[in-house]
Amino acid sequence: MHDLVIVGAGPVGGALALALAQTDLDIVALDARAAGSTMRGDRSLALSHGTRLIFERLGVWPHIAKVGGAVTPIATIDISQAGGFGVTRLDADEHDLPALGYVVSYRALQAALDDALAQSRVDVRFGTTAAAVGATPAYAAVTLAGTQDELLLARIAAVADGTGTAVAGIARERRDYEQVALVAKVWMERPHEGRAFERFTPSGPIALLPESDHYSLVWTMAPAKAPATLALSDDAFLASLAQHFGARVTGFAGVAERRTFPLALEFARTTIAPRTAVIGNAAQALHPIAGQGFNLGVRDAFELAQTIIRVPRDQLGEWSMLESFAARRRGDRYAGIAFTHGLTQLFATDLSIVRWPRGIALMLLDAMPPVKRAFTRKMLFGIS
Ligand SMILES: Cc1cc2nc3c(=O)[nH]c(=O)nc-3n(C[C@H](O)[C@H](O)[C@H](O)COP(=O)(O)OP(=O)(O)OC[C@H]3O[C@@H](n4cnc5c(N)ncnc54)[C@H](O)[C@@H]3O)c2cc1C
């Protein structure tokens, strides 16, 4: 029997494996993808400063940072709303930090984690898909797909498969926002200088995140509007984008790789089951409005590793250990979910009655440094 089986060695499962790689635990990490491939090479991740610190502790940050264009620091975030007053700017200098956060290539991060794991004691098995995760009181049992009921037994299973669908008995909540995110790469006439923009518009928030030599655009809109926006010529698309930003952002020059995906809040009501802990997107998948989702997932992995390190091997996976992990994550997790969902609600409507308080909120945020600092800290480090 193994000590730990990790189902899904994506960025979160990989971070967990690496955080435990120096221990003498017998760890197997499964991933359905082929060695050297990434599931989501199309994606950029929004990393908080706190997440950078975790990747530094894991020793992978320098490896990601040395890949050209893989890490782009965010120096300032300019938050405004269309058709209303109130603007605020969050600035790294005000917080004595090198950056407010980072836009990081999923592909580069995954490659750095895979390389680090390949040099560790962790047994990583690519091309291996878990079909189900079950348990007895004494061990977790992971059934492998495509085999005649082959089981991997371990004291504890950590599910980081991005969806949590392999685990029986974990109730999930889903709230469809009835919006889609249109994402694309956007080029400007001038260098971005690390400035990010978040603009609240009648059709939903729009974010421009600096990435390498361009911006990564996340434009939320009603599903009915998306096909026509995708079909616009490049010039018409950029003109429409410019119209939404008004005078806040000018100089749109080019666009590529447009695509859409539906937006929903999905989270497991509890992240533990007998002999099993659920982490990362498998535990909570959030609206991208506040860039909190991936950071919460990395904190899940880090806290699970700390909990595992603290207990004697024969208590690994016992219910009391799992409850202690769930309790340590509860506040940060629910605050992250509530903060993100609250922002979607505060900025989701265009009723003028809401636009006013929203403008006042942005203005006050700008005028009240302690409040702004608290808001920024939440964005930077999470709640814990
Ligand atoms: C459509 C979409 C767009 C997003 N865009 C952004 C964005 O622009 N910026 C941002 O910061 N965040 C974004 N996110 C969120 C971000 O992708 C996640 O926070 C992050 O990928 C979570 O990492 P993870 O390791 O938990 O899951 P994943 O990245 O999903 O990794 C899961 C891993 O598990 C493996 N796996 C899956 N099933 C099995 C199985 N049964 N057996 C074995 N292995 C398995 C997969 O191969 C994969 O390697 C987006 C999410 C979605 C759904």
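This section describes the overall make-up of a predicted protein model, the surroundings of its ligand, and several individual residues and ring pairs.

The secondary structure of the predicted protein consists of 10 helices and 19 strands. Of its 384 residues, 52% are buried. The surface that the protein exposes amounts to about 16400 Å², and 55% of this area is supplied by carbon and sulfur atoms. The contacts were also examined by separation along the chain. Among contacts between residues at least 6 apart in sequence, 73% join residues that are at least 24 apart.

The ligand is surrounded by 26 residues, of which Asp31, Arg43, Ser44, Ala46 and Tyr106 come nearest. By character, the residues of this shell divide into 13 nonpolar, eight polar and five charged. Three elements, namely helix α1 (11-19) and strands β2 (27-31) and β3 (44-48), each supply at least two residues of the shell. The most is given by β3, which contributes three residues.

Polar atoms of the protein approach the ligand from both side chains and backbone. In the side chain of Tyr106, an N or O atom lies 2.5 Å from an oxygen atom of the ligand. The side chain of Arg33 likewise places an N or O atom 3.3 Å from an oxygen atom of the ligand. At Ser44 the backbone is involved: one of its N or O atoms is found 2.8 Å from a nitrogen atom of the ligand. Taken alone, the ligand exposes 990 Å², and the protein buries 83% of that area.

Arg33 also appears in the surroundings of Gln110, a residue of helix α4 (residues 106-118). Gln110 has a relative accessible area of 1% and is therefore buried, since the cut-off for this class is under 20%. Leaving aside residues up to four places away in sequence, Gln110 touches Ala9, Gly10, Pro11, Arg33, Ser37 and Thr38.

Helix α2 (residues 49-57) contains the buried residues His49, Gly50, Thr51, Arg52, Ile54 and Phe55. Just after this helix, Gly59 takes a positive phi of about 85 degrees.

Positive phi values also occur outside glycine. Most residues other than glycine have a negative phi. Against this background, Glu178 has a positive phi near 50 degrees. Glu178 is part of strand β12 (residues 172-188). With a relative accessible area of 62%, Glu178 is exposed, because the value is over 50%. Arg275 is not a glycine either, yet its phi is positive, at about 60 degrees. Arg275 is located in the loop between β17 (272-273) and β18 (276-278). Its relative accessible area is 10%, so Arg275 counts as buried.

A further arginine, Arg258, is placed in strand β16 (residues 252-268). The side chain of Arg258 reaches backbone oxygens of the protein at two residues. The backbone oxygen of Thr229 is reached at 3.2 Å, and that of Leu232 lies 2.9 Å from a polar atom of the Arg258 side chain. Not counting residues up to four places away in sequence, the residues that Arg258 touches include Leu182, Val183, Ala184, Leu230, Ser233, Asp234 and Phe237, together with Thr229 and Leu232.

Aromatic rings form six pairs in the structure. In the pair of Trp61 and Tyr102, the ring centres are 5.2 Å apart and the planes meet at 70 degrees; the pair is edge-to-face because this angle is over 60 degrees. Trp61 belongs to helix α3 (residues 61-65) and Tyr102 to strand β7 (residues 101-105), so the pair ties together parts that are 41 residues apart in sequence. Both Trp61 and Tyr102 are buried.

Another aromatic pair is formed by Phe245 and Phe252, with 6.0 Å from centre to centre and 40 degrees between the planes, and this pair is tilted. Phe245 is buried, its relative accessible area being 1%. Phe252 has a relative accessibility of 12% and so counts as buried.

Technical notes. Residues numbered from 1 in each chain as written. Predicted model: local features only at pLDDT ≥ 70, side-chain atom pairs only at ≥ 80, totals over all residues. Heavy atoms only, no water. Near = heavy atom within 4 Å. Polar contact = N/O pair within 3.5 Å; in protein donor to acceptor, adjacent residues only side chain to side chain. Areas by Shrake-Rupley, 256 points an atom, 1.4 Å probe, with all protein chains shown as cover. Helix = DSSP H or I, 4+ residues; strand = E, 2+ residues; numbered from the N terminus. Nonpolar A, V, L, I, M, F, W, Y, C, P; charged D, E, K, R; others polar. Buried < 20%, exposed > 50% of the residue type's maximum accessible area, 1.4 Å probe, protein only. Contact = heavy atoms within 4.5 Å. Phe/Tyr/Trp six-rings, centres within 6.5 Å; stacked < 30°, edge-to-face > 60°.
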